[in-house]
Amino acid sequence: MRNFVRVLRMSWAYRTRLIISVIAAMCVAVFWSLNISAAYPVLVVLSNNQSLQDWVQQQIDHYEKRATDPAKLKQVADLQAERQVLDENPAAPDQHIPGWREKREREIAIELAGLEKELSSANWKAWLYRWLKTTVIQYLPNDAFRTFAWIVAALVIGIAVKGVFEYVQESLIGAVVQRTLFDFRNQFFRRGLHQDLKQLGEAGTTELMSRATNDVEQIGTGMKMLYGRVMLEPLKMATSLVAACVISWQLTVMFIAVVLVAVVTLNKVSRSMKKAARKVLERMSELYRVLREAFDGLRVVKAFTGESRERRRFRAANEDYYRKTVRVIHIDAAVGPLLETLGVMAVGLALLAGAYLVLNKSTHLFGVRMVDDPIGPEALLTLYMFLATIADPVRKLSSVYTKMQSGMVAADRVFALYDRAPAVGANADGPVVPRHARGISFRNVCFSYTPGNPTLNDVNLEVTAGETVALVGPNGCGKSTLLGLLPRFYDPDHGDILIDGVSLRAANLRSVRKQLGIVTQDTVLFDDTVLANIAYGRHGATDAEVEAAAKAAHAHEFIVTLPQGYQTRTGDMAASRLSGGQKQRIALARAILRDPRILILDEFTSQIDGESEQKIQEALRAFVKGRTTFVITHRLSTLELADRIVVMDGGRIVATGKHADLIVNSPTYRRLYDTQAFADLAGKQAA
Ligand code: ADP
């Protein structure tokens, strides 16, 4: 709920549209009731075969006569006179019966109030009908059928106007919801980019994608329900109820009370049905247990001649099950007829009460005043129409709850990811790492992906600026992980990494990453042109610079043979013809263009064939000069680039030195060499 409200708060930015939609919803509700109330004049015209003009005149005459009824006026005058007499003779008739005087005064007051109310109500109604006559009715034709035609036309216009407001309301709400989702998706994506790789590992790419799309869409459905239905439907109900109450609030209250009793009864029945069904399930599992025990232990049952005991046990369980099932059958069979009877009873009761008032021209039911004036069948039927149409909003509202519920669940799911604070902070205010010129230190670095299972164990390594360090070791020994700590894909659990004396953990992250260039084994190319893919290395690079970088990476020669050269899209068919080696050369060009101070090459030559490799080695030799370079490789030829070889095993550094030393001093290195872990070794030896 809390998270759902957070999304709702985002839609506050579009409050003007929301407010207009609420006003439109109110208009829809008013027109909805107005349209239903068209039934009233229709019934008047049809049942009396009378034009509305005649009918209104009749009403005016009736109420004027009642407002000036001589008998009532005389009654009022008499009562007022009696009160005056009582006021003027304070002592007179009170001598014999104590309290008589107060009692009589109270009676007079009550009677007078009743009479005055009756007269003023008649006056008010006469005024209302006169007003109706002068504003609307006098313009209507003076003929029953043509009046009817006018009413139908008015109804059509009413429905059309309601339709316009409905259109405004729905489209405004749709727009607000979609705009909010648009903002929210953007924010979610922004957060997604800021998450650290550990979090990405936990949640997974597909999970993030489904939350950003499906779950966000679900939130949208929930919001649409809330803003659309939850506003409009109760308004419709309210106007219908108000209209019904205007005809007779007492009848309306009675009807609703009867319906509530029916609903509560049904609720009780359905609850006992659920209970009974649960009991059946329990007995079924009991039966199952007895069966299993008997058959599993059949050997023992037979050996101890326990058959009759088992039979009794089973019979008892079976009987229990049978009884409970029969109970469910009884309840189930009773529900349908009960529902029907209750429904008819509720409607029948309401109809009876109304019909009694109409047929007897009465205003009271069991001594309770139900209507101010006797009502006609038109008024009663219109009242019932209002009450019946309340069912529609109720039905629509009932589906709202489940949809909003799933919107809330979706909001919780999305925010569970949204709210994760990345462990690797951007440190925007942290110290800026200056242009790297001194050295990189790994100090007592420990790291584990899963707690208790260390991937790096107390790694210490000092690298001076401009040095080329090759990392070798068996697969899974932690080489990539160690180099992944430099761009802070992860932070070490213990220990520290310093670039030119600035600890990475505290340093401004951008200033670190800007100095890094990375080429990895699995090349990532975006669905864009080759040019854009290389230019990704440096913002604002010119085409000439891109081409120069491509030449340095020996990529230019194959790029120009592509169908559209540098403009070939890597997502196209043409690009799917790119070999792994070609893709890696594009990635290398990207890194060269970046002109980084620190270069990380993670087995990037693995897919490059022998001929290109020769050229790339040359290019690299020139490129690594003056840069601090880390290279993970299985190729001896690449090792030759290195000033120093670092041998890793089981998350530790086990030796460092030159090839000639290591072959003598490091058993791990020798083992790698002997087991031909160096991919190009076989070829070299054969040569
Ligand atoms: P190398 O580069 O030496 O082959 P890695 O650094 O890739 O080794 O991996 C070291 C260990 O960490 C391996 O056991 C690998 O399975 C594990 N590992 C690598 N990446 C992850 C990850 N994202 N989540 C969990 N474990 C990982």
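This dialogue reads a few features of a predicted model.

Trainee: Into which domains is the protein divided?

Mentor: The assignment gives three entries: domain 1 covers 2-40 + 144-418, domain 2 covers 52-139, and domain 3 covers 525-595. Note that domain 1 is written as two segments. Between the centres of domain 1 and domain 3, taken over C-alpha atoms, there are 59 Å.

Trainee: Take D412. In which helix is it found?

Mentor: Helix 13, which spans residues 391-418.

Trainee: Is D412 buried, partly exposed or exposed?

Mentor: Buried means under 20% relative accessible area and exposed means over 50%, with partly exposed in between. D412 has a value of 34%, so it is partly exposed.

Trainee: Which residues does D412 touch, leaving out those up to four places away in sequence?

Mentor: M1 and N3. As for a residue on the chain before helix 13, M385 lies 27 residues from D412 in sequence, and their C-alpha atoms are separated by 42 Å.

Trainee: Now the sheet with strands 4, 3, 6 and 7. What is the order of its strands?

Mentor: The order is 4-3-6-7; the sheet is open and its pairing is antiparallel. Strand 4 (456-464) and strand 7 (502-503) are at the edges. Each has a single partner strand, so one side of each has no neighbour in the sheet.

Trainee: How many bridges join strand 6 to strand 7?

Mentor: Two, and the strands run antiparallel; strand 6 comprises residues 494-499. For I499, the bridge partner in strand 7 is V502.

Conventions: Residues are numbered from 1 along each chain as its sequence is written. This is a predicted model: local features need pLDDT of at least 70, side-chain atom pairs count only at pLDDT 80 or more; totals for chains, interfaces and linings use all residues. Side-chain values use heavy atoms; hydrogens and water are left out. Helices (H or I, at least four residues) and strands (E, at least two) are DSSP runs, numbered from the N terminus. Buried means under 20% relative accessible area, exposed over 50%, partly exposed in between (1.4 Å probe, protein chains only). Contact means heavy atoms within 4.5 Å. Two strands pair if DSSP finds at least two bridges between them. Domain bounds come from an automatic or database domain assignment.
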